[in-house]
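User: Please take a close look at a single part of this structure and describe how that part sits among the rest. A plain, connected account is enough.

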Amino acid sequence: MRTMLCRLALAAVMMCGLAAAPAAAEHLPNLGGDSLPAVPFFPGLGDYQRGAYFARKLECLKCHGPGGTGEQPGWPKLAGQHERYLLNALRNYRDGHRPHPFMERYTDRLTLQLMHDLALYYACQTERPGVDNTARCVR
């Protein structure tokens, strides 16, 4: 619980720009795991159908394959990843905390709602494109 509160506090500080200076980042507590800022997670905010639509519209399948299976070597698999992980990754690409030239271009226009939609859609996918993983899917 304390780790979650620390992550939320850190995310709030980072979103407000109060810890934007590199010197300030040195004094942040080590929260373990991913050192990138955590994103507030709102279960139930994502819409599966919108996520499916925008995954096609934004052409995510060009690199991540149909249903996010990442079929090409070096292309990340999104299918079945945890929704919170995917949301954090999208937000960190968009905000420049996780540099990647292609992902920054695609995520720079994403709203929090669209990130939730895409994260839910890919979290619900399985190794077989188009087959939902309803056991792991947060609806």
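Analyst: The expected span of a helix is 1.5 Å times one less than its number of residues. The part taken up here is helix α7, residues 112-123. The model is a predicted one. With 12 residues, α7 reaches 16 Å from its first C-alpha to its last, close to the 16 Å expected at 1.5 Å a residue.

The setting comes before the detail. The protein chain has 7 helices and 0 strands, and read along the sequence its pattern is α-α-α-α-α-α-α. Of its 139 residues, 38% count as buried. Among contacts between residues at least 6 apart in sequence, 68% join residues at least 24 apart.

How many of the 12 residues of α7 are buried? The count is 10 of 12, so α7 is largely enclosed by the rest of the structure. The cut-off behind this count is a relative accessible area under 20%. The buried residues of α7 are Leu114, Met115, His116, Asp117, Leu118, Ala119, Leu120, Tyr121, Tyr122 and Ala123. An α-helix has 3.6 residues a turn, so residues three or four places apart point the same way.

Which elements do the buried residues of α7 pack against? They pack against α3 (48-57) and α5 (83-94).

The second of these partners, α5, has 12 residues and runs 17 Å from its first C-alpha to its last, close to the 16 Å expected at 1.5 Å a residue. α5 is mostly covered, with 9 of its 12 residues buried. These are Glu83, Leu86, Leu87, Asn88, Ala89, Leu90, Arg91, Asn92 and Tyr93. α5 is followed by glycine 96, whose phi is positive, near 80 degrees.

Ahead of α3, the other partner, is a residue that touches α7. Aspartate 47 is placed in the loop between α2 (22-25) and α3. Leaving aside neighbours within four places in sequence, aspartate 47 is in contact with Gln113, Asp117 and Leu120. Two of these contact partners, Asp117 and Leu120, are listed among the buried residues of α7. Aspartate 47 itself counts as partly exposed, at 31% relative accessibility. From aspartate 47 to alanine 119 there are 72 residues in sequence and 9.3 Å in space, C-alpha to C-alpha. The side chain of aspartate 47 also reaches the backbone nitrogen of arginine 50, at 2.8 Å.

After α3, the chain enters the loop between α3 and α4, where glutamate 59 lies. Glutamate 59 has a positive phi of about 65 degrees although it is not a glycine. At 36% relative accessibility, glutamate 59 counts as partly exposed.

Cysteine 60 is buried, with a relative accessible area of 17%, while cysteine 63 is partly exposed at 38%. Why is cysteine 63 not bonded to cysteine 60? The sulfur of cysteine 63 is 8.9 Å from that of cysteine 60, its closest cysteine sulfur, and this is too far for a bond. A disulfide requires a pair of cysteine sulfur atoms within 2.5 Å. The structure holds 0 disulfides.

Further on, threonine 69 lies in the loop between α4 and α5. Threonine 69 counts as buried, at 9% relative accessibility. A polar atom of the threonine 69 side chain is 3.3 Å from the backbone oxygen of proline 66.

Empty space is the remaining topic. The largest pocket contains about 550 Å³ of space. It is lined by 26 residues, and the closest to its centre are His64, Pro76, Leu78, Tyr93 and Met103. Which elements give two or more residues to this lining? They are α4 (61-64), α5, α6 (101-107) and α7. The largest share, 5 residues, comes from α5. Tyr93, one of the residues closest to the pocket centre, is also one of the buried residues of α5.

To draw this together, α7 has 10 of its 12 residues buried. Its buried residues pack against α3 and α5, and α7 gives two or more residues to the lining of the largest pocket. Aspartate 47, from the loop between α2 and α3, adds contacts with Gln113, Asp117 and Leu120.

Definitions and conventions. Residues numbered from 1 in each chain as written. Predicted model: local features only at pLDDT ≥ 70, side-chain atom pairs only at ≥ 80, totals over all residues. Heavy atoms only, no water. Buried < 20%, exposed > 50% of the residue type's maximum accessible area, 1.4 Å probe, protein only. Helix = DSSP H or I, 4+ residues; strand = E, 2+ residues; numbered from the N terminus. Contact = heavy atoms within 4.5 Å. Polar contact = N/O pair within 3.5 Å; in protein donor to acceptor, adjacent residues only side chain to side chain. 1 Å grid on protein atoms, 1.4 Å probe; cavity = no way out; pocket = protein on both sides within 12 Å on 5 of 7 lines; lining within 4 Å. Points joined across faces, edges and corners; volume = space filled by probe spheres on them.
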